[in-house]
Amino acid sequence: MRFRVRPQARLAIDVGTDLIRAEARRGGTIVWAAEAPYQGVGELADRLAELVSLEGMPRMEPSVQVRLLRPLAQVRVLDDLPRVGEAGLAGMLAHQPQRFFRKNGKPLVTDGVWLGSALRRNAPRHAAVAAVEVPVVEAVVAGARAAGFRIADIRPEQATDARLSLLPGVERGERRRARIRRLCWIGGVAAALWVALGLALVVRQRRAIARVDAELAALDGPVQALLAARARTDEARRMVAVVDSADRDGARLDRLLLGLVRTLPDSAFFSAVALRADGSGQASGAAAHPAALLVAVERSGLVTHPHLEGQGVREPIGGQMMERFTLVFGERAP
């Protein structure tokens, strides 16, 4: 006799200005639905938790999708914005929300994505943007957690792009840290596996060399043949040493580049970096205050004799006045 386990239902929640509606779907069929009114953000978390904890609910998946209805969420399409990346667009909305959304005296959670090929040269720059008051999304997250659910995402109604997300900053930070921890764990496991593989190869190579030496001695062949075999072995060892040295130099330059990038103030970026094998090089980019960048690089101790070369040109970049610079530096002292 075969038993068929019914799949868990998926819960979706719509939040309006004064009403919460929850639906559970299994496949394409609604198997449960309920709604509850609320008055003000102060009641939102409690009403949401009560709604999704009612008796008679089917077995649910642990994550829930939330949709914010208009006018609770502001959604619009903006044209002719500065040509910046996705992260730059989101940062511009977060730092200057009053330029793009209604002023309501409360902090906003914002997000924006480029539509189509907006980042291509000479292409129309259209961006889908959305915003909602921070207390609203924090109350939604708190209510879902109180009922034992995890928020998969919070999206605005009638969004022109499914990538728009209005998760609160704290939740985004926690998920970003979780991803970093997961990547670090995966990286640690991968590094351990590589180390184990390297040790195994070294042991295998040493055993092979010992076996070859024993066989050559047992064969008691001509001395010249034995010397030639050992010469080839020495050459292989030198090649391994050269490869290891190149790997170490590459890793050192990678760490130097990462260190230089981390010293950048928030209002600065590198557009090009050239590093030489000895650790010297130069980097060009733009900054609101190049002198502050120079001080940060000097304090980092990553390189020696850093200095700005040439006369910088100030120009508007990303909505603020910035100055082009060329940073030249020498090899770090051993």
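**Exercise 1. One helix, two sides**

Which residues of helix α6 (residues 290-300) are buried? Work out how they are arranged around the helix axis, then look at what lies opposite and what follows.

*Solution.* A word of care before we start: this is a predicted model.

Step 1. Go along α6 and pick out the buried positions: P290, L293, L294 and V297.

Step 2. Consider the spacing. An α-helix has 3.6 residues a turn, so residues three or four places apart point the same way.

Step 3. Now look down the axis of α6. The buried residues fall within an arc of 100°, so they line one face of the helix.

Step 4. Turn to the other side of α6, where A291 and R299 are exposed. Exposed here stands for over 50% relative accessible area.

Step 5. Finish just past the helix: G301 comes right after α6 and takes a positive phi of about 70°.

**Exercise 2. The five-stranded sheet and its helices**

Find the strand order of the sheet that contains β1, identify its edges, and place the helices that pack on it.

*Solution.*

Step 1. Trace the neighbours. The order is β3-β2-β1-β4-β8, in an open sheet of 5 strands with mixed pairing.

Step 2. Find the edges. β3 and β8 (150-156) each have a single partner strand, so one side of each is left without a neighbour in the sheet.

Step 3. Check the twist: on average, neighbouring strands are turned by 20° against each other, direction ignored.

Step 4. Zoom in on one pair. β1 and β2 are antiparallel and share 6 bridges; D14 has R21 in β2 as its bridge partner.

Step 5. Add the helices. α1 lies across β1, β2 and β3, at about 30° to β2. α3 touches β1, β4 (60-68) and β8, and its direction makes about 150° with that of β8.

Step 6. Ask which side chains α1 turns inward. L44, A45, L48, A49 and L51 are the buried residues of this helix (residues 41-51). Viewed down the axis of α1, they fall within an arc of 165°, so they line one face of the helix.

Step 7. Name the partners of that face: the buried residues of α1 pack against β1 (9-15), β2 (19-26), β3 (29-37) and α3.

**Exercise 3. The three-stranded sheet**

Describe the sheet formed by β5, β6 and β7, and then follow A90 to its contacts.

*Solution.*

Step 1. Start with the order, β5-β7-β6, in an open sheet with antiparallel pairing. β5 (74-79) and β6 (108-114) are the edge strands, each pairing on one side only. From one strand to the next, the twist averages 20°.

Step 2. Follow the β5 pairing. 6 bridges join β5 to β7 (residues 126-133), and in β7 the partner of L78 is A127.

Step 3. Lay on the helices. α2 (residues 86-95) touches β6 and β7, and its direction makes about 150° with that of β6. α3 (residues 134-146) also lies across β6 and β7, running at about 75° to β7.

Step 4. Take A90, which sits in α2. With 23% relative accessibility, A90 counts as partly exposed, because buried would require a value under 20%.

Step 5. List its contacts. Leaving out residues up to four places away in sequence, A90 touches T110 and D111. A90 and V129 are 39 residues apart in sequence, yet their C-alpha atoms are 8.8 Å apart.

**Exercise 4. Strand β10 and the largest pocket**

Establish how β10 is paired and how far it is enclosed, then find which elements line the largest pocket.

*Solution.*

Step 1. Pair β10 with β9: 7 bridges join these antiparallel strands, and A268 is partnered by A287 in β10. The two form a hairpin with 5 residues between them, where G279 in the turn has a positive phi of about 95°.

Step 2. Pair β10 with β13. These strands are also antiparallel, over 7 bridges, with T326 of β13 as the partner of S284.

Step 3. Judge the burial. In β10 (residues 281-287), 5 of the 7 residues are buried, so the strand is largely enclosed by the rest of the structure.

Step 4. Move to the largest pocket, which holds about 540 Å³ of space. Of its 19 lining residues, V84, G88, I317, G318 and Q320 are the closest to its centre.

Step 5. Assign the lining. α2, β9 (268-275) and β13 (320-330) are the elements that give two or more residues, and α2 gives the most, with 5.

Notes
Residues are numbered from 1 along each chain as its sequence is written. This is a predicted model: local features need pLDDT of at least 70, side-chain atom pairs count only at pLDDT 80 or more; totals for chains, interfaces and linings use all residues. Side-chain values use heavy atoms; hydrogens and water are left out. Two strands pair if DSSP finds at least two bridges between them. Helices (H or I, at least four residues) and strands (E, at least two) are DSSP runs, numbered from the N terminus. Axes are lines fitted to C-alpha atoms, for helices over the stretch in contact, and angles run from 0 to 180 degrees between N-to-C directions. Contact means heavy atoms within 4.5 Å. Buried means under 20% relative accessible area, exposed over 50%, partly exposed in between (1.4 Å probe, protein chains only). The arc is that of the directions from the helix axis to the C-beta atoms. On a 1 Å grid over the protein atoms alone, a cavity is a set of points where a 1.4 Å probe fits but cannot get out, and a pocket is an open set with protein on both sides within 12 Å along at least five of seven lines; lining residues have an atom within 4 Å of a point. Grid points are joined across faces, edges and corners, and a volume is the space filled by probe spheres set on the points.
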